Amino acid sequence: MRFSKFYCPTLKEDPAEAEVISHKLLIRAGLIRKLSSGIYSFLPLGFKCLSKVIKIVREEMDRAGALEVMLPVVQPAELWQESGRWDFYGKELLRFKDRNNRDFCIGPTHEEVITDLIRHEVKSYKQLPLNLYQIHTKFRDEMRPRFGLMRCREFIMKDAYSFDRDNEGAEKSYMQMYDVYHRIFKRIGLKYRAVEADTGQIGGSFSHEFMVLADTGEDTIVVCESCEYASNLEKAEVVSSYKLDTTQSEKCANLQEVYTPQKHTVAEVSEFLGVDKTKIVKTLLYVADGKYVAFVIPGDRDLNEAKARSSLKINDLRMANFEEVKEITGCDVGYAGPVSLNVDAIYVDKLLLGKKDLICGANKTDYHFRHLDIERDVSVTDYIDLVNVLEQDPCPRCGARLKFLKGIEVGHVFKLGEKYSRAMNAKFIDSDGKEKYFVMGCYGIGVTRIISAAIEQNYDENGIIFPPSIAPFEVAILSLDIKNQEVMKLSEDFYNYLTDKGIDVLWDDRDERPGFKFKDIDLMGIPIQVVIGKKGLDEGIVEFKNRKTKEVVKIPISEFEEKILEFRENVWKEWGLF
């Protein structure tokens, strides 16, 4: 492609609305333009990059035997009501009525649609296993779309759905997709981790997220310093690092009410009473599916709502408001405690199992209790894992220390089990002649988000550094003296040679200053630059530049064909792509 014929409007300055580096560079380099909040148009350069990501995803899915389909974006409400997600999914689901006043939504995902299709089409175990996928537009009405393609409302996703006759087959399908995802992200050239994850609004029994490692990532990844354990923060298991106080008497003193005027927080109570935060418990009041519940956790920890929702199989969970807290406790916010608490259930974090001589709220304004013994004084409904893991906590697999990394989620695989097939009565006839529910899995990749994640991981002060596997152009030929016929003739010969080899080439034949051209090509992140100018021709050389390493080598013109392919191979190897 000649740059003089290519539409790529680059910008010198960062756009005002862009916050993270990928958003800034996607706009500055001319890949995308904003249409509305969280909705973007792909310009030619961006679409070429997007197409290369899609090509890799499609090739690996096809290689695994998955079959591509195209499902409707518009989905009838009846299917979502049947699965139980019409109300559960919340305001991210964009709903509308057609001219006949029937309810529809724009699909944020396609579990209902694919289950409806299969329940009408697949009747026998002989048609299983089956894995169908699509690469299609999704819409989620994000409350706060931000960071360009990383958290937008309209995006392209690869979503696949597997159907098996039993759990053994479903787990085999799951692991096959797990392996496929590893191949996809390695081919793209990303540094990533697969981590255990919460199933969220999709549901199911277990899942893994694929996280691109980047300091600007929104998600916190918990990894072990010694073993392969990795999880997102929502799912990370907490193992007690507290040691029981062996000097403590077996019997705890009776509850003692103490005056704590205007001390609402753990930090304030800790300082006022001169005790460590680990000796204080927090009692958090919530409304769970319309019922009042209390979560009792250590004072130095934060509640993990995803764990609470998952453990209790709760659809709707929210913190009690001021009026509800007063109704439950009869006191101001900040003094709630688990003793004689008027709620439907009290769930205590596992870290507090067997703990005594603690401090808690007394359900009385300006007062707390000393000498709380959880087992003696609290009507515990259950002990469950409720809190976020802390850095340096022990690994739940090997006991070594945990550390935190930042990541960007680009893929997610779920074992759904019979969640949707049971809800939607999707059955097949098994070999024993009996009807059984399909055992399902689903597997998503944020195709557009991959582009942002790749940039967040690969950039410098001059712009994007694209992995060659997804770069919109792999080679840029910069003609520095376009009025020199010899320069232009050689540039055209090199351009035709590389193009005939199937390599994507951008020939910068514009009548611009050399500095202007270098800045544009660097900004766009093209991995290899071939520089041709009159001065080089007089010396009988051309220059190759590696965008990632900034290495520049001078090559005799007569050796161009041999050396450019060798140089290209080395660039791919540096990215781990050969």
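Modeller: A residue is buried when its relative accessible area is under 20%. Keep that cut-off in mind; the model here is predicted.

Colleague: What percentage of the 578 residues in the chain is buried?

Modeller: The cut-off is under 20% relative accessible area. Applied to the 578 residues of the chain, it gives a buried share of 53%.

Colleague: How many helices and strands does the chain have?

Modeller: The C-alpha trace spans about 95 × 65 × 50 Å along its principal axes. Within the chain there are 16 helices and 31 strands.

Colleague: What share of the contacts with a separation of 6 or more joins residues 24 or more positions apart?

Modeller: Take the contacts in the chain with a separation of 6 or more. Residues 24 or more positions apart account for 69%.

Colleague: How far apart are the mean positions of the positive and negative charges?

Modeller: The chain carries 83 positive and 94 negative charges. Compare the mean position of each set: the distance is 1 Å.

Colleague: How much of the accessible surface belongs to carbon and sulfur atoms?

Modeller: The chain's accessible surface comes to about 26,500 Å². The part belonging to carbon and sulfur atoms is 47%.

Colleague: Now the sheets. Which strands are the edges of the sheet of 5 strands?

Modeller: This open sheet runs E16-E14-E15-E17-E20, with mixed pairing. An edge strand pairs on one side only. That leaves strand E16 (317-319) and strand E20 (382-384).

Colleague: What is the average twist from one strand to the next?

Modeller: Go through the order E16-E14-E15-E17-E20. From one strand to the next, the twist averages 35 degrees.

Colleague: Which residue in E16 is the bridge partner of Tyr286?

Modeller: Strand E14 covers residues 281-288 and pairs with E16 in the antiparallel sense, over 3 bridges. Tyr286 has its bridge partner in E16, and that partner is Met319.

Colleague: What angle does helix H8 make with E16?

Modeller: Helix H8 (residues 305-312) packs on this sheet. It touches E14, strand E15 (291-298), E16, strand E17 (345-349) and E20. Its direction and that of E16 make about 135 degrees.

Colleague: At what angle to E14 does helix H9 run?

Modeller: Helix H9 (residues 322-329) lies across E14, E15 and E16. Its angle to E14 is about 110 degrees.

Colleague: Why do E4 and E5 each have one side without a neighbour in the sheet?

Modeller: These strands belong to an open, antiparallel sheet in the order E4-E6-E5. Strand E4 (74-76) and strand E5 (94-97) are at its edges, so each has a single partner strand.

Colleague: Which residue in E6 stands opposite Val74?

Modeller: E4 and strand E6 (residues 103-106) pair in the antiparallel sense, over 3 bridges. Opposite Val74 in E6 stands Ile106.

Colleague: Is Ile374 buried or exposed?

Modeller: Ile374 sits in helix H10 (residues 374-377). Beyond its neighbours within four places in sequence, its contacts are Val348, Leu352, Lys355, Leu358, Val380 and Tyr383. Its relative accessibility is 0%, so Ile374 counts as buried.

Colleague: How far apart in space are Ile374 and Tyr286?

Modeller: In sequence, Ile374 and Tyr286 are 88 residues apart. In space, C-alpha to C-alpha, the distance is 20 Å.

Colleague: Which residues does Ser22 touch, not counting those up to four places away in sequence?

Modeller: Ser22 lies in helix H1 (residues 21-28). With 0% relative accessibility, Ser22 counts as buried. Ser22 touches Met150, Ser452, Ile455 and Glu456.

Definitions and conventions. Residues are numbered from 1 along each chain as its sequence is written. This is a predicted model: local features need pLDDT of at least 70, side-chain atom pairs count only at pLDDT 80 or more; totals for chains, interfaces and linings use all residues. Side-chain values use heavy atoms; hydrogens and water are left out. Two strands pair if DSSP finds at least two bridges between them. Helices (H or I, at least four residues) and strands (E, at least two) are DSSP runs, numbered from the N terminus. Axes are lines fitted to C-alpha atoms, for helices over the stretch in contact, and angles run from 0 to 180 degrees between N-to-C directions. Contact means heavy atoms within 4.5 Å. Buried means under 20% relative accessible area, exposed over 50%, partly exposed in between (1.4 Å probe, protein chains only). Accessible areas come from the Shrake-Rupley method with a 1.4 Å probe; for residues, only the protein chains shown count as cover. Lys and Arg count as positive and Asp and Glu as negative; His and the chain ends are not counted. The place of a charge is taken as NZ of Lys, CZ of Arg, CG of Asp or CD of Glu.
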